[in-house]
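The following pages invite the reader to examine a protein chain from its overall form down to single residues. Please keep the sequence and the three-dimensional view at hand while reading.

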Amino acid sequence: MDFTGIIAEYDPFHNGHAAQLAAVRAAGAQCIAVCMSSGAVQRGGVPILPESVRVRAALDAGADLVVALPAPYACATAEQFAAAGVHLLAALGCDTLAFGAETPDAAALLDTARLLDGEELNARIRQNLATGMTYAAARAAAADALHPGTGGLLRTPNNILGIEYCKAILAQGAALTPLALPRLGAAHGGGRPGEHNGIPMASASFLRGLPQPDWEPFVPARAAELYGRAAADGLLLDGARLETAVLALLRMQDPANFAQVRGVSEGLENRLTAAVREADSLDDLYTRLKTKRYPHARLRRLVLDAALGFPAELPMPPYLHVLGARKAALPRLKQASLPAATALADLARTGPEAAKISRLHNKAVDFSSLCREKIQPMGLAFTAKPVVI
């Protein structure tokens with residue numbers, strides 16, 4: 001266990017994340033790389049903090065290297081998010097993938113990942129979907145029917161993501177050993193903070209619902225300083241600007257484009273067209289789109305994909321964009337099996353797929369820059385300097 005990778009959003013980086021980094025180091029990692037969402041986030045939105053702030057918080061807390069999970073993959077389904085992150089960390093040369101889980105049993109999660117690839121399970125999922133179940137519920141019920149107790153692993157968010165990491169490792173033949181760590185303190189998305197060893201813990205989703213000064217007990221002291229400066233500089237997300245920008249982009253779209261959006265099926269493009277015509281807020285838009293079949297997170301991702309014009313089909317990430325590093329970790333880039341650099345402009349010139357992904361990523365970063373309390377300039381994906389300490 002020399003070079004350990006973590007796939008994360010750190011939006012914001014908090015005490016639970018710091019504890020995870022410390023646990024990975026204590027388990028024997030000599031170098032820790034983080035593949036971090038950039039430009040967009042998996043819940044189908046924009047990061048509340050810009051990349052540079054989140055990168056610096058991670059490095060200050062013990063990470064050695066931070067590479068971008070480009071926006072088109074960062075706001076994808078759990079399966080696509082995990083596959084892209086695993087692909088990048090394997091290409092970087094990591095030998096271990098660490099992640100938090102409600103059930104920190106890597107062998108059990110790997111066994112469940114193998115089960116999910118079976119045709120018998122897929123047949124049962126299709127049967128369950130026909131009854132009106134959501135996909136997540138249909139899959140958990142099918143797994144339980146084949147292997148009682150397995151479905152429980154598919155009903156908690158961190159286990160689900162951990163299983164997707166294991167699926168990606170198996171599918172790609174990646175030389176990564178999964179390291180499942182217990183999730184500490186507050187549950188993912190939990191509304192009630194907790195503590196671990198006397199240290200206050202709160203989920204990132206809980207913190208995003210608080211004013212930034214109220215984050216302080218739940219984040220490392222150095223991160224609290226970074227967040228305070230970011231707030232003073234107007235770099236926090238402005239929800240009202242995000243809402244107006246998304247609705248404006250959707251209203252300007254040719255409705256015919258909605259049929260090509262990633263995740264659209266079963267006439268969902270028609271619901272989206274009708275909802276865009278009438279919605280006066282994002283919440284109203286999501287409500288108009290909502291059906292029993294589709295969870296809220298899927299609809300949020302669908303809306304962002306439609307607004308930014310992300311295509312349904314994407315290649316695996318074709319490069320490693322380094323957002324930040326400790327100087328001592330930079331030599332690790334020499335062993336990478338994908339082009340690796342701190343300058344996105346250089347990476348964009350390495351091939352047509354790299355040019356395509358960098359262009360889509362830049363579009364998302366420009367969109368994110370428009371949604372800050374103080375609007376930022378265009379082109380930051382290409383001009384922002386890496387954080388090197």
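The account below begins with the whole chain and then turns to selected elements and residues.

The structure is a predicted model. Its protein chain holds 18 helices and 10 strands. The radius of gyration is 20 Å, close to the 21 Å that the globule rule gives for 389 residues, so the chain is as compact as a globular protein of that length. Measured out along the principal axes, a phrase used here for computed extents, the C-alpha trace spans about 55 × 50 × 45 Å. Within the protein chain, 52% of the 389 residues count as buried. Among the contacts with a separation of 6 or more, 73% are accounted for by residues 24 or more positions apart. The surface that the chain exposes amounts to about 16200 Å², and carbon and sulfur atoms supply 54% of it. As for charge, there are 38 positive and 36 negative charges, and their mean positions are 2 Å apart.

A useful place to enter the interior is strand 8, which covers residues 320–325. Which of its residues are buried? In strand 8, 6 of the 6 residues are buried, so the strand is largely enclosed by the rest of the structure. Several other strands pair with it. Strand 3, residues 65–69, pairs with strand 8 in the antiparallel sense over 3 bridges, and within this pairing Val67 has Val322 of strand 8 as its bridge partner. Strand 9, residues 340–341, pairs with strand 8 in the parallel sense over 2 bridges; here Leu320 has Ala340 of strand 9 as its bridge partner. Strand 10, residues 387–388, also pairs with strand 8 in the parallel sense, over 2 bridges. In a regular strand, the side chains alternate between the two faces of the sheet.

One residue of this strand repays separate attention. Ala325 is found in strand 8 and stands opposite Val388 in strand 10. Is Ala325 buried or exposed? Its relative accessible area is 0%, and a residue counts as buried under 20%, so Ala325 is buried. Leaving aside neighbours within four places in sequence, Ala325 is in contact with Leu59, Asp64, Leu65, Leu330, Val387, Val388 and Ile389. By comparison with these contacts, Thr350 gives a view along the chain: Thr350 is 25 residues from Ala325 in sequence, and the C-alpha atoms of the two are separated by 22 Å.

Helix 2, residues 51–60, offers a second view of the interior. Of its 10 residues, 7 are buried, so helix 2 too is largely enclosed by the rest of the structure. The buried residues of helix 2 are Glu51, Val53, Arg54, Val55, Ala57, Ala58 and Leu59. Leu59 has already appeared among the contacts of Ala325. The buried residues of helix 2 pack against helix 1 (15–26), strand 2 (31–37), strand 3, helix 11 (221–232), strand 8 and strand 10. After helix 2 comes Gly62, whose phi is positive, near 130°.

A further buried residue lies in another helix. Thr150 belongs to helix 8, residues 150–153. With a relative accessible area of 12%, Thr150 is buried. Not counting residues up to four places away in sequence, Thr150 touches Thr112, Leu115, Ala143 and Asp144.

The last topic is the backbone in two of the loops. Most residues other than glycine have a negative phi, and most peptide bonds are trans. Where does the loop that holds Tyr10 lie? Tyr10 has its place between strand 1 and helix 1. Phi of Tyr10 is near 55°, a positive value in a residue other than glycine, and Tyr10 counts as buried at 1% relative accessibility. Pro12 is found in the loop between strand 1 (3–8) and helix 1. A cis peptide bond joins Asp11 and Pro12, with omega about 5°.

Asn197 lies in the loop between strand 6 (194–196) and strand 7 (199–201). Although Asn197 is not a glycine, it has a positive phi of about 50°. Asn197 is exposed, with a relative accessible area of 69%, whereas Tyr10 is buried.

Methods: Residues are numbered from 1 along each chain as its sequence is written. This is a predicted model: local features need pLDDT of at least 70, side-chain atom pairs count only at pLDDT 80 or more; totals for chains, interfaces and linings use all residues. Side-chain values use heavy atoms; hydrogens and water are left out. Helices (H or I, at least four residues) and strands (E, at least two) are DSSP runs, numbered from the N terminus. The radius of gyration is taken over C-alpha atoms; the globule rule is 2.2 Å times the number of residues to the power 0.38. Buried means under 20% relative accessible area, exposed over 50%, partly exposed in between (1.4 Å probe, protein chains only). Contact means heavy atoms within 4.5 Å. Accessible areas come from the Shrake-Rupley method with a 1.4 Å probe; for residues, only the protein chains shown count as cover. Lys and Arg count as positive and Asp and Glu as negative; His and the chain ends are not counted. The place of a charge is taken as NZ of Lys, CZ of Arg, CG of Asp or CD of Glu. Two strands pair if DSSP finds at least two bridges between them.
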